[in-house]
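Q: Please take a close look at a single part of this model and describe its setting in connected prose. Please relate that part to its partners and to the surface around it.

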Amino acid sequence: MSISLGMYYNNNFNRYDEALESADKAIEINPEYGLAWLLKGYVLLNIANISEAEFSFENAIS
C-alpha cells in the first residue's frame with residue numbers, strides 16, 4: 001500500500017485502519033520518511049489518539 005493510497009483512505013473514506021497500515025509499512029521500510037510520519041499523525045488525530053499523533057508529528061519534522 002502506498003502513502004498516496006493511505007492519504008486517500010484517510011481523507012475521503014475515513015478508513016483509518018488502512019491509512020495507518022500504509023503509514024506504518026512505509027515507516028518500517030524507511031523510518032526517516034517524513035511524509036509517512038505526517039500521514040500517521042493525521043490519522044491518529046482523526047481517531048483522537050493525541051499523544052501518539054504528537055510523537056508522529058515530531059518525527060515528521062525531525
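A: Lys 40 is placed in helix H3, which spans residues 34-46. The model is a predicted one, and the description that follows applies to that model.

The relative accessibility of Lys 40 is 17%. Because buried means under 20% relative accessible area, Lys 40 counts as buried. When neighbours within four places in sequence are left aside, Lys 40 is in contact with Leu 20, Ala 23, Asp 24, Ile 27 and Ser 56. Helix H2 covers residues 16-29.

One of these contacts, Asp 24, is also a salt-bridge partner of Lys 40. The closest N and O atoms of this pair are 2.9 Å apart. The salt bridge joins distant parts of the chain, with Lys 40 in helix H3 and Asp 24 in helix H2, 16 residues apart. The two partners fall into separate accessibility classes: Lys 40 is buried at 17%, whereas Asp 24 is partly exposed, with a relative accessible area of 31%.

The structure holds 2 salt bridges. Besides the pair formed by Lys 40 and Asp 24, Glu 18 forms a salt bridge with Arg 15. In the pair of Glu 18 and Arg 15, the closest N and O atoms lie 3.1 Å apart. Glu 18 has a relative accessibility of 24% and counts as partly exposed; Arg 15, at 36%, likewise counts as partly exposed.

Helix H3 also contributes to the surface. A nonpolar patch is formed there by Tyr 33, Leu 35, Leu 38, Tyr 42, Leu 45 and Ile 50, which together have about 500 Å² of accessible area. Helix H3 supplies the largest share of this patch, namely 4 residues. Another member of the patch, Tyr 33, is located in the loop between helix H2 and H3. The relative accessible area of Tyr 33 is 32%, and this residue is therefore partly exposed. Patches are made of residues with over 30% relative accessible area and no salt bridge, a cut-off that Tyr 33 passes at 32%.

Helix H1, residues 3-13, contains Asn 12. Asn 12 is partly exposed, with a relative accessible area of 48%. From Asn 12 to Ala 26 the separation is 14 residues in sequence and 20 Å in space, C-alpha to C-alpha.

In summary, Lys 40 is a buried residue of helix H3 that forms a salt bridge with Asp 24, while helix H3 also gives the nonpolar surface patch its largest share of residues.

Terms used. Residues numbered from 1 in each chain as written. Predicted model: local features only at pLDDT ≥ 70, side-chain atom pairs only at ≥ 80, totals over all residues. Heavy atoms only, no water. Patch = residues over 30% accessible without salt bridge, like charges linked within 9 Å, V, L, I, M, F, W, Y side chains within 5 Å. Areas by Shrake-Rupley, 256 points an atom, 1.4 Å probe, with all protein chains shown as cover. Salt bridge = Lys/Arg side-chain N within 4 Å of Asp/Glu carboxyl O. Helix = DSSP H or I, 4+ residues; strand = E, 2+ residues; numbered from the N terminus. Buried < 20%, exposed > 50% of the residue type's maximum accessible area, 1.4 Å probe, protein only. Contact = heavy atoms within 4.5 Å.
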